[in-house]
Amino acid sequence: MKRIVFSPLSLLLFMSCTSITAATDKAASFSFTEIKNQSSTSLIDCVFIKSTDGTKLAYYPYIARNPIASLVFVHGGGAYSGAGYQYLAASLAGKYNVNVYLIDIRGHGNSEGPRGDSPSARQVYSDIEVIVKQVEKENLKLPVFLGGHSSGAGLVLNYTSHVQDESISGYFFLSPFWGYKSKTDRANSISFSDVKVPLFVLNGMSFGLLFGHSKAVFFNYPKEVLQSQPLLIPSITVNLSLALTPNNPVDQFRKINKPFGLFIGADDELLDSGKVMAYAGLPVLDIVRKSTYQVVENENHLSILMVADRLIGEAIFRRQ
């Protein structure tokens with residue numbers, strides 16, 4: 001078998017030849033109307049908690065009057081809790097008696113840390129675990145669920161693989177973006193992000209020692225969206241991207257050992273709903289039978305946030 005050896009010069013040439021186009025010059029890959037229309041539902045004040053490395057993480061507790069469960073929910077990469085997720089949280093708490101704790105991932109929103117970066121992928125999982133444990137402490141008699149939207153759903157799937165947290169009662173995956181290895185991309189869709197692939201290659205070849213803090217994923221947010229939502233970030237690093245992107249999504253989803261909710265809009269601009277739904281049959285039969293999965297008609301990648309309160313709320317209610 002021939003071995004391919006990269007010289008420093010060839011690697012530099014490879015990287016220069018695969019440079020990306022600036023995100024603001026690219027067409028938007030999906031509708032941002034839903035984010036723009038959320039000004040009527042304001043984000044509540046955040047609470048800070050220190051992670052294992054001392055970084056202050058922001059989360060937003062939406063507390064129901066007579067709660068039946070708690071949900072810790074993670075936004076997508078580059079976004080933050082105020083980019084449409086506040087509507088989901090307020091509605092779940094108000095209509096379905098579910099306490100909701102929105103999280104700003106480190107380096108996002110009001111959480112501390114260099115914008116779009118993390119010391120490692122593992123640190124992001126530890127961040128989630130710290131908040132989950134705090135929620136469990138505050139709600140001793142309530143089941144706790146963990147959910148995420150878009151690449152936040154990727155972070156949740158990674159969490160199931162890297163953190164042995166038996167206290168979680170189930171998971172929710174909303175418009176789950178699990179990366180190219182998931183093979184769930186919609187045919188002929190416009191990519192929402194541009195990726196500097198060589199940085200990931202070099203990071204892997206160096207066993208994570210090189211380029212972990214390099215900006216590697218650039219989001220195609222339109223200029224007007226970035227101006228109206230100043231807490232959105234235009235890029236994330238290799239380390240943070242690895243935290244959000246499952247390495248083997250098929251195998252990871254097959255090993256899920258708690259009931260799950262899997263929801264995607266029929267009109268999702270990024271993902272093929274049929275390919276995403278195929279994942280629902282991967283876990284053992286007992287888990288599949290206890291789970292809820294649905295293609296939601298007339299909803300897209302972001303608009304599904306406007307109906308997710310019903311999808312998640314009814315799923316939690318049926319498990320009581």
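This passage describes the overall fold content and the aromatic ring pairs of a predicted model.

The protein chain contains twelve helices and eleven strands, and 55% of its 320 residues count as buried. Among the contacts in the protein chain with a separation of 6 or more, 77% are made by residues 24 or more positions apart. The accessible surface of the protein chain amounts to about 14,500 Å², with 56% of this area belonging to carbon and sulfur atoms.

In total, 14 aromatic pairs are present in the structure. In one of these, the ring centres of Phe173 and Phe253 lie 5.4 Å apart and the ring planes meet at 55°, so the pair is classed as tilted. This pair links distant parts of the chain, since Phe173 belongs to strand 6 (residues 168-174) and Phe253 to helix 9 (residues 249-254), with the two positions 80 residues apart in numbering. Phe173 has a relative accessibility of 0% and therefore counts as buried, and Phe253, with a relative accessibility of 0%, likewise counts as buried. A further pair is formed by Phe219 and Tyr221, whose ring centres are 6.0 Å apart and whose planes stand at 55°, so that this pair is also tilted. Phe219 counts as buried at 7% relative accessibility, and Tyr221 is buried with a relative accessible area of 4%.

Ring pairs also join residues into a cluster, which comprises Tyr171, Phe173, Trp178, Phe253, Phe260, Tyr279 and Tyr293. Phe173 and Phe253, the tilted pair described above, are thus both members of this cluster.

Methods
Residues are numbered from 1 along each chain as its sequence is written. This is a predicted model: local features need pLDDT of at least 70, side-chain atom pairs count only at pLDDT 80 or more; totals for chains, interfaces and linings use all residues. Side-chain values use heavy atoms; hydrogens and water are left out. Rings of Phe, Tyr and Trp (its six-membered ring) pair if their centres lie within 6.5 Å; planes under 30 degrees apart count as stacked, over 60 as edge-to-face and the rest as tilted. Helices (H or I, at least four residues) and strands (E, at least two) are DSSP runs, numbered from the N terminus. Buried means under 20% relative accessible area, exposed over 50%, partly exposed in between (1.4 Å probe, protein chains only). Contact means heavy atoms within 4.5 Å. Accessible areas come from the Shrake-Rupley method with a 1.4 Å probe; for residues, only the protein chains shown count as cover.
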